[in-house]
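This report describes the packing of one protein chain, with attention to its helices, its aromatic residues and its buried polar side chains. The sequence and the structure are shown first.

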Amino acid sequence: FGRTGADVFWNEPRGGNFIDGGAHFYEVYKTKDDKYISVGALEPQFYSILIQKMGLDEEALPHQADKSNWDSMKVIFAKEFEKKTRDEWCSLFAGSDGCVTPVLEMEEMMNHQHCKERNILSFGPSGALIPAPAPILSRTPANKPDNSTKLPLSGQHSEQILREFGFN
């Protein structure tokens with residue numbers, strides 16, 4: 001892209017920058033089955049793979065970093081992603097560096113291999129889904145919540161915390 005630093009990524013109002021929904025290559029798109037796919041192909045080498053896997057001709061498209069074409073490219077990407085189901089896209093991008101991943105429903109996430117292997121979700125005493133602390137640190141790991149964990153009520157400790165920070 002030629003330049004580095006915050007001015008490259010955050011020089012436009014919200015929704016007009018690389019990673020805040022402005023760029024067509026860092027966005028969420030609806031698929032044929034009314035599910036969603038997430039795209040995060042920031043770097044040119046990953047963008048090329050994304051374009052190729054989508055079946056588009058990179059030479060016929062505007063340069064990835066040309067902001068003046070981002071809105072029109074979003075339309076093109078949206079039309080392309082609506083041609084296949086989310087699972088079809090996942091199969092197409094599996095094992096590639098195209099930077100595409102499914103947006104999962106909560107129930108799907110519970111059964112997803114990544115979440116199961118890392119044991120990142122559990123159910124609390126009320127039956128509510130509780131995410132495990134993240135990141136998981138090797139020297140100071142946090143305790144994972146279990147069914148005996150009593151969750152505080154919203155605002156339950158607010159006054160105590162504010163006093164600890166010198167507010168009264």
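Against which elements do the buried residues of helix 2 pack?

## Helix 2 and its surroundings

In this predicted model, the buried residues of helix 2 pack against strand 2, helix 3, helix 4 and strand 3. The residues concerned are Y47, L50, I51 and M54. They lie on the same side of helix 2, because the arc they cover around the axis is only 95°.

L50 illustrates this packing in detail. Leaving aside neighbours within four places in sequence, L50 is in contact with V39, A41, F77, F81, F93, G98 and V100. Helix 2 is followed by G55, which has a positive phi near 85°.

## The nonpolar core

The largest nonpolar core has 20 residues, and those that touch the most other members are Y47, L50, M54, F77 and F81. At least two residues of this core come from each of strand 2, helix 2, helix 3 and helix 4. In soluble globular proteins, nonpolar side chains tend to be buried together.

## Helix 4

Three residues of helix 4 (residues 86-93) are buried, namely R86, W89 and F93. They cover an arc of only 65° around the axis and are therefore on the same side of helix 4. The elements that cover the buried residues of helix 4 include strand 2 (36-40), helix 2, helix 3, strand 3 (100-103) and helix 5 (106-111).

Just after helix 4, G95 adopts a positive phi of about 75°. W89 also has a charged neighbour: K84 lies over the face of the W89 ring, at 5.2 Å from the ring centre.

## Aromatic pairs

How many aromatic pairs does a search of the whole structure find? The search finds seven. One of them joins F25 and Y47 in an edge-to-face arrangement, with 5.8 Å centre to centre and 80° between the planes. This pair links distant parts of the chain, 22 residues apart: F25 belongs to the loop between helix 1 (6-9) and strand 1 (26-30), and Y47 to helix 2 (residues 44-54). F25 and Y47 are both buried.

Ring pairs also link Y29, F77, F81, W89 and F93 into a cluster. Of these residues, F77 and F81 are also among the core members that touch the most others, while W89 and F93 are buried residues of helix 4.

## Buried polar side chains

Is H24 buried or exposed? H24, placed in the loop between helix 1 and strand 1, is buried, because its relative accessible area is 1%, below the 20% cut-off. Not counting residues up to four places away in sequence, H24 touches Y29, V39, Y47, Q64, W70, M73, K74 and F77. With Y47 there is a polar contact between the two side chains, at 2.9 Å. Y47 thus appears as a partner of H24 in a polar contact and as a partner of F25 in an aromatic pair. The C-alpha atoms of H24 and L42 are separated by 9.8 Å, with these positions 18 residues apart along the chain counted as their separation.

Q64, one of the residues touched by H24, is found in the loop between helix 2 and helix 3 (70-81). Q64 counts as buried because its relative accessibility is 4%. The side chain of Q64 reaches the backbone oxygen of A41 at 3.1 Å, and A41 is in turn one of the contacts of L50 in helix 2.

Notes
Residues are numbered from 1 along each chain as its sequence is written. This is a predicted model: local features need pLDDT of at least 70, side-chain atom pairs count only at pLDDT 80 or more; totals for chains, interfaces and linings use all residues. Side-chain values use heavy atoms; hydrogens and water are left out. Rings of Phe, Tyr and Trp (its six-membered ring) pair if their centres lie within 6.5 Å; planes under 30 degrees apart count as stacked, over 60 as edge-to-face and the rest as tilted. Helices (H or I, at least four residues) and strands (E, at least two) are DSSP runs, numbered from the N terminus. Buried means under 20% relative accessible area, exposed over 50%, partly exposed in between (1.4 Å probe, protein chains only). A charge sits over a ring if NZ of Lys or CZ of Arg is within 6 Å of the ring centre and within 35 degrees of the ring normal. Contact means heavy atoms within 4.5 Å. A polar contact is a pair of N or O atoms within 3.5 Å; within protein, one must be able to donate a hydrogen and the other to accept it, and residues adjacent in sequence count only if both atoms are side-chain atoms. The arc is that of the directions from the helix axis to the C-beta atoms. A nonpolar core is a set of buried Ala, Val, Leu, Ile, Met, Phe, Trp, Tyr and Cys residues joined through side-chain atoms within 4.5 Å.
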